[in-house]
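Colleague: I should like to learn how to read a model of this kind. May we take the features in turn?

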Amino acid sequence: MTRSTTPELSSSPCMLGENNPDIIQYGTAPQSMALLNGLSRVFGIRLTEKQDTPEARFLSDLTRLFHQRRVDAEADMEKHDTPWANVYLIQHGIMRLFRESPSGKVAIHHFFTEGDMVWPVFGRSRTVRNTLCLTTVTPATVWVADFAAFRAAIHSHGDGIWPKFAMALTEELAELTSMREFRKHTMSAKERYQLLLEEYPELVKRVPDNQLASWLGVVPATFSRLKTGAIKY
């Protein structure tokens, strides 16, 4: 076989250490861009090149309030009997919102995941009568801001912005809570489990079974049997 005389071509990774001028180098986006993108999604604002628009100034004012935190799984972010202090924007990870009785019984109300903003929706949770707890489920990277400063900054940009923002999450949580209660009273555990698999496949992969059981309204042993298909209609 005749050996080819065609020169071999090097792949671009072989040239990376040579600072070759033909290679286009892309800088890494700063972490603050993740915050800016997250806030733009939460408030429904499209990012543009223009920096002098009311929307751009609004987002800029909010970004200055936040700092990034990396926390382990099962980190207590907010506790009951203590005024809820902060607002959180989740960059990576999962958090759970729950109540715990004096006897230690837990009722999980909601799971928050990447891109969600978490804040004290209910007025009572901003006082010492707060009964809600917020804890990380997985290791998480979150953006944190003081809630009072966050709310004041939004109010400073117009009286109608805060009610519109607050109502959206309040209605979402109310709807999800009422639907879950309706399903508990009208559907079997197996039917509710099937809906869990269909509607929240990522939670099923990432959240411990005992927490999913609490959210579903069954004891862990029942949840285990649902997973194995041991429970029939």
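Modeller: Certainly; let us begin with a helix and its surroundings. The buried residues of helix H3 (residues 147-155) are covered by, among others, helix H2 (54-63), strand E3 (86-92), strand E6 (117-118), strand E8 (140-146) and helix H4 (161-186).

Colleague: Which residues of helix H3 are buried?

Modeller: Phe-147, Phe-150, Ala-153 and Ile-154 are the buried residues of H3. Viewed down the helix axis, they fall within an arc of 130°, so they line one face of H3. The general idea is helical periodicity: an α-helix has 3.6 residues a turn, so residues three or four places apart point the same way.

Colleague: What does a side-chain oxygen of Asp-146 reach at the start of H3?

Modeller: That oxygen comes to within 3.2 Å of the backbone nitrogen of Ala-148.

Colleague: How should confidence be weighed?

Modeller: This is a predicted model, and confidence is read per residue as pLDDT. The protein chain averages a pLDDT of 86, and 85% of the residues score at least 70. Over residues 1-12, however, the pLDDT is below 50, and this stretch has one contact in the model beyond near neighbours in sequence. Among the elements of the chain, E8 has the highest mean pLDDT (98) and H4 the lowest (86).

Colleague: Let us turn to the backbone. Which value does phi take at Glu-74?

Modeller: Phi of Glu-74 is near 65°, a positive value in a residue other than glycine. Glu-74 is placed in the loop between strand E1 (67-71) and strand E2 (76-78). A second case is Asp-81, where phi is also positive and near 65° in a residue other than glycine. Asp-81 belongs to the loop between E2 and E3.

Colleague: How are these two side chains classed, buried or exposed?

Modeller: One reads the class from the relative accessibility, where over 50% counts as exposed and under 20% as buried. Glu-74 has 42% relative accessibility, so Glu-74 counts as partly exposed. Asp-81, with a relative accessible area of 53%, is exposed.

Colleague: Finally, what volume does the largest pocket have, and which residues are the closest to its centre?

Modeller: Its volume is about 490 Å³. Of the 22 residues that line the largest pocket, the closest to its centre are Val-42, Phe-165, Ala-168, Leu-169 and Glu-172.

Colleague: Which element supplies the largest share of that lining?

Modeller: H4 does, with seven residues. Strand E5 (106-112) and H4 each contribute at least two residues to the lining. In reading this pocket, one may recall that H4 has the lowest mean pLDDT among the elements of the chain (86).

Methods: Residues numbered from 1 in each chain as written. Predicted model: local features only at pLDDT ≥ 70, side-chain atom pairs only at ≥ 80, totals over all residues. Heavy atoms only, no water. Buried < 20%, exposed > 50% of the residue type's maximum accessible area, 1.4 Å probe, protein only. Helix = DSSP H or I, 4+ residues; strand = E, 2+ residues; numbered from the N terminus. Arc of directions from axis to C-beta. Contact = heavy atoms within 4.5 Å. Polar contact = N/O pair within 3.5 Å; in protein donor to acceptor, adjacent residues only side chain to side chain. pLDDT = per-residue confidence, 0-100. 1 Å grid on protein atoms, 1.4 Å probe; cavity = no way out; pocket = protein on both sides within 12 Å on 5 of 7 lines; lining within 4 Å. Points joined across faces, edges and corners; volume = space filled by probe spheres on them.
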